[in-house]
Every structure is written in C-alpha cells, then in structure tokens.
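Reader: I'd like to go through some of the labels people attach to a model like this. Can you tell me what stands behind each one?

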Amino acid sequence: MVAVIVFHYFPTWLPGGLVGVDIFFVISGYLISGHIVQQMRADRFSLLDFYSRRVRRIFPALIVVLVASLCFGWMVMSVDAFGLLGKHVAGGADFVANLVFWTERDVRVDESNFNPMLHLWSLGVEEQFYIVWPLMAWLVWRRGLNVLATIATVALVSMIANLVIVNIDRVSAFYLPVSRFWELLAGAALVEIERQYGNMPSSLAPYAAGTGMILLGLSFALVRVEQMFPGVIALLPVIGAVLVIASGRDIGLKKLVFGNRLAIAIGLISYPLYLWHWPLVSFGYVLEGGTPGKAVRIALIALSFLLATLTYFLIEKPIRFGAFKRSQVALPLCAALAIIGLCGIGIYVWAGFPA
C-alpha cells in the first residue's frame, strides 16, 4: 500500500510502485482462498455467507468514500467534470470501474489524474474475480476434481490472454479481468499447494523469502507505467509475492520488514487507506489545475492516514466485528451502494451526457 501511495503522490520517486496492486492481488487470492478452503474442508462453506462477509468487508468504507467524493465534487468541479464523476462513482459502486475506464482508453495519463475514482479499477477486478472463483472452487471441490490442476489451467489461460492482449492493446491488458485473474489465482494456488504438500521446509524458507524480496525490489526498480504491463514482467512481483508468503512468518528479515508495529498498523487500515488516498490527491489536481505542490501532497498523505484510521475504527471495525447480524447489515449496505450507483448515473445524465 505504501508503494502505491508513493507512486501516486510522487511518481518519480518510485516509478515501479504500481506493482503494489499486483502484489495485493496475490495476497488477496491467498487470504480469501485460504478461508474458502478452510470452510470447505469443514463442510461449512456457504456462498451466501461468503458474499455476506465480502459485503461487510468492502461496502461500508466504500460507501463513505463515494458519498464524500460526490459531495466534494459538487462543490469544486465543473458540470462536465462532475457528470463524469457521477459515471465513475456508478462504475465503482457496481464494481465495474475497470470496464468503464477501459472504454475511456483515449484519456491521457495526465488527464486521468483528475479522475478521483481511477483507483477503483483494481477493486473492480478483485470483486469480479470473487464473483466467479468461490462458485467454481465449490463445484470443483464437490465433484472431487483436482483443485490444483483446475487452478493451474485457469491461471494458464489467463496468463496466455495477458501475453496476447498486452501485445495488441496495452490498455485492455491492464484493465480487463481476463488478463489479471492469474495474479489472484497465484495466491489461490499457493493455498492448495500448502494444503496438499504442507508448508515450505524451514531449511528453504529463508532462501525463498530472500529471493522473493529481491524479485519485489526488482519489480519496483524495473517496471514503468508506460511499459507493456502486465505482460511477462508482471511475473516478477507475482512470483516474488508468492515466495515471500510461502516462506512463512518466522523469517528474520521478513519479520523486520513486514512484522513491525508500523507495518501491522498500516495493514489494519490498508483498505480505507487505499480508498481515501487517491481521491484526495486527485481533488488536489482539480483544485490546483495541475500537480499540487510537494507540501500539499505531503499534507494530503497525512490526511489520508487520518481519514483511513477514522474510517476503520468508527465504521469498518464496528460493522465487521460488531454485534450486528450479517443478514441485518448486508442487505441495507447493498441497498445503500445501489442507491449511490443510481445517483451517479443520474448525475451523469443531469450533466448532459447520454443515458
């Protein structure tokens, strides 16, 4: 998350920071697939329960950020810009932001800085994956098929699609889910490997962790936004993330980098931090008419952390871990997000764009 923030606020400082999203895809695939496998092994897996958990995890903070962005956009944006914001909010609320931005492929990189919802493309890819993957995993498990072989086959198809599409249309390869699913499946594959063959031997773990961190470092150093990405080079952050995760929790260097109190604290608020950081700097572009000054950007980073912390403790944590029953919370959250999506479409039409 920190790498992505640095890339978005100071792109010349860490040009390869965009691979933080690819690392996140691997981690997400590993954590959530691990939960699915655990539930299926205990014969307790329920699609309704799974999606209810996703709603409680994703929707509350997203609703807050979308509403705040619409309110602030109303105050500071032109009619046309606010109309486009409405369209993009609707895309974010419906988890198809990546597809919306894919259709807007002619937008220049410098113009995209004025789009406060641009970061939601990755949330769209992730949620599209979790619409398909749990059902597929459940069917494969129920029928007694080879789960690892299934994951490998689907991941291979997605990787081939990535390599083909990136050479035809780089924008399509970046935004389309078919060319991104293999990254989430890399994490899912690690879960199944560990289930079938056990964890990595302790004698190999330090080498895996070291190699993984080297690959991650190379990713940050070598990848550039103007390259044909994801492409082959996306293997660097994906394999690096897999190796670091597979090495376990007891590796000294890994604990030093990822297990210190600051890293853990940032991890707790990582989702609302992801949601807040980009709209703040994007609205900075809107207000300044260009790149905000360095002092302004540093202040916006601090504000991102403050808002993320408040969102986590006051909204996300009470809803996720509070006494509310899932059925009592999930439906109202779905309704609220649907209303926000409809409002976004209404704003888009009100601003004079075609329905």
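Reader: What makes the link between the side chains of Arg180 and Asp22 a polar contact?

Author: This is a predicted model, by the way. The side chains of Arg180 and Asp22 come to 2.7 Å, and the cut-off for a pair of N or O atoms is within 3.5 Å, so the pair counts as a polar contact.

Reader: Why is Arg180 called buried?

Author: Its relative accessible area is 1%. Buried means under 20%, so Arg180 is buried. Arg180 is in the loop between α9 and α10. Leaving aside neighbours within four places in sequence, its contacts include Trp121, Phe174, Phe229 and Pro230, as well as Asp22.

Reader: What makes α2 and α12 oblique to each other?

Author: Their axes are 8 Å apart and the angle is about 45 degrees. Under 35 degrees would count as roughly parallel and 65 to 115 as roughly perpendicular, so α2 and α12 are oblique. The crossing of these two helices is right-handed. Asp22 turns up again here, as one of the α2 residues that meet α12. By class, the residues of this contact are 9 nonpolar, no polar and 1 charged.

Reader: And how do you know which label fits the angle between α3 and α16?

Author: That angle is about 150 degrees, with the axes 9 Å apart. Over 145 counts as roughly antiparallel, so α3 and α16 are roughly antiparallel. Among the residues making the contact are Arg56 and Arg57 of α3 and Glu316 and Arg320 of α16. The classes here are 6 nonpolar, 1 polar and 4 charged.

Methods. Residues are numbered from 1 along each chain as its sequence is written. This is a predicted model: local features need pLDDT of at least 70, side-chain atom pairs count only at pLDDT 80 or more; totals for chains, interfaces and linings use all residues. Side-chain values use heavy atoms; hydrogens and water are left out. Helices (H or I, at least four residues) and strands (E, at least two) are DSSP runs, numbered from the N terminus. Buried means under 20% relative accessible area, exposed over 50%, partly exposed in between (1.4 Å probe, protein chains only). A polar contact is a pair of N or O atoms within 3.5 Å; within protein, one must be able to donate a hydrogen and the other to accept it, and residues adjacent in sequence count only if both atoms are side-chain atoms. Contact means heavy atoms within 4.5 Å. Axes are lines fitted to C-alpha atoms, for helices over the stretch in contact, and angles run from 0 to 180 degrees between N-to-C directions. A crossing is left-handed if the near helix is turned anticlockwise from the far one by less than a right angle, and right-handed if clockwise. Ala, Val, Leu, Ile, Met, Phe, Trp, Tyr, Cys and Pro count as nonpolar, Asp, Glu, Lys and Arg as charged, and the others, Gly among them, as polar.
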